[in-house]
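Q: Please take a close look at the salt bridges in this structure. Which residues take part, and where do they lie?

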Amino acid sequence: MARQDTDDGVQLDLISAERMEGKTSMEKIRMILDSVHDGDIVVLEKGLTPDEESKLIEVTMTEINPDGFTGIEIESFPRSETQESGLLGRIMGKEEDPAKLTVIGPANQIQSLHKDETLISALLKRQ
């Protein structure tokens with residue numbers, strides 16, 4: 001993603017499902033972390049699988065630096081409650097769909113990240 005100089009604001013990257021399609025899990029994670037390292041807020045249309053989300057957190061932990069990168073804040077809308085999930089869903093061959101929407105941002109810029117059933121709200125710190 002081309003980064004524009006945003007000294008007086010925050011860049012918000014809205015990433016479509018099509019852009020993420022066909023990428024490996026590590027390519028997705030690297031794209032997300034590169035943006036967040038730059039201070040951007042990333043919004044994924046389709047979200048990540050639970051395994052990808054775990055790997056994102058794992059990779060983030062290895063990159064935390066007290067003098068620089070402080071980590072991420074992440075929040076996702078849950079899967080629909082009407083979908084079959086869990087063991088029965090896996091036995092029946094149903095794939096787990098990733099969350100519908102995921103917001104990821106730098107921990108040092110997000111003052112609070114709140115979600116309910118229909119809204120994710122982020123309060124950003126002023127620089």
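A: In this predicted model, 33% of the 127 residues of the protein chain count as buried. The chain exposes about 8400 Å², and carbon and sulfur atoms supply 48% of that area. Its secondary structure comes to four helices and six strands, which follow one another along the sequence in the pattern β-α-α-β-α-β-α-β-β-β. Among contacts between residues at least 6 apart in sequence, 64% join residues at least 24 apart.

Against this background, a search of the whole structure finds five salt bridges. One of them pairs glutamate 52 with lysine 28, with the closest N and O atoms 3.0 Å apart. Glutamate 52 belongs to helix H3 (residues 50–63) and lysine 28 to helix H2 (residues 25–37), so this salt bridge ties together parts of the chain that are 24 residues apart in sequence. As for accessibility, glutamate 52 has a relative value of 7% and therefore counts as buried, the cut-off for that class being under 20%. Lysine 28, with a relative accessible area of 14%, is buried as well. Both charged partners of this salt bridge are thus assigned to the buried class.

Another salt bridge is formed by glutamate 63 and arginine 30, whose closest N and O atoms are 2.7 Å apart. This pair, too, links distant parts of the chain: glutamate 63 is in helix H3 and arginine 30 in helix H2, 33 residues apart. Arginine 30 has a relative accessible area of 32%, so this residue is classed as partly exposed.

A further salt bridge joins glutamate 58 to lysine 55, with 3.2 Å between the closest N and O atoms. Here the two partners both lie in helix H3; because they are three residues apart, about one helical turn separates them. Glutamate 58 counts as partly exposed at 47% relative accessibility, and lysine 55 is likewise partly exposed, at 31%. Salt bridges that share partners also join Arg30, Asp34 and Glu63 into one network. Arginine 30 and glutamate 63, described above as a pair, are therefore members of that network together with Asp34.

Helix H3 also carries methionine 61. With a relative accessible area of 55%, methionine 61 is exposed, since the exposed class begins over 50%. Together with Ile57 and Ile64, Met61 makes a nonpolar surface patch of about 280 Å². Helix H3 therefore holds both the salt-bridge partners glutamate 52 and glutamate 58 and a member of this nonpolar patch, methionine 61.

Elsewhere in the chain, serine 112 is found in strand E5 (residues 110–115). Its relative accessible area of 35% makes serine 112 partly exposed. When neighbours within four places in sequence are left aside, serine 112 is in contact with Ser121, Ala122 and Leu123. The C-alpha atoms of serine 112 and lysine 125 are 8.9 Å apart in space, while the two residues are 13 residues apart in sequence.

Definitions and conventions:
Residues numbered from 1 in each chain as written. Predicted model: local features only at pLDDT ≥ 70, side-chain atom pairs only at ≥ 80, totals over all residues. Heavy atoms only, no water. Salt bridge = Lys/Arg side-chain N within 4 Å of Asp/Glu carboxyl O. Helix = DSSP H or I, 4+ residues; strand = E, 2+ residues; numbered from the N terminus. Buried < 20%, exposed > 50% of the residue type's maximum accessible area, 1.4 Å probe, protein only. Contact = heavy atoms within 4.5 Å. Areas by Shrake-Rupley, 256 points an atom, 1.4 Å probe, with all protein chains shown as cover. Patch = residues over 30% accessible without salt bridge, like charges linked within 9 Å, V, L, I, M, F, W, Y side chains within 5 Å.
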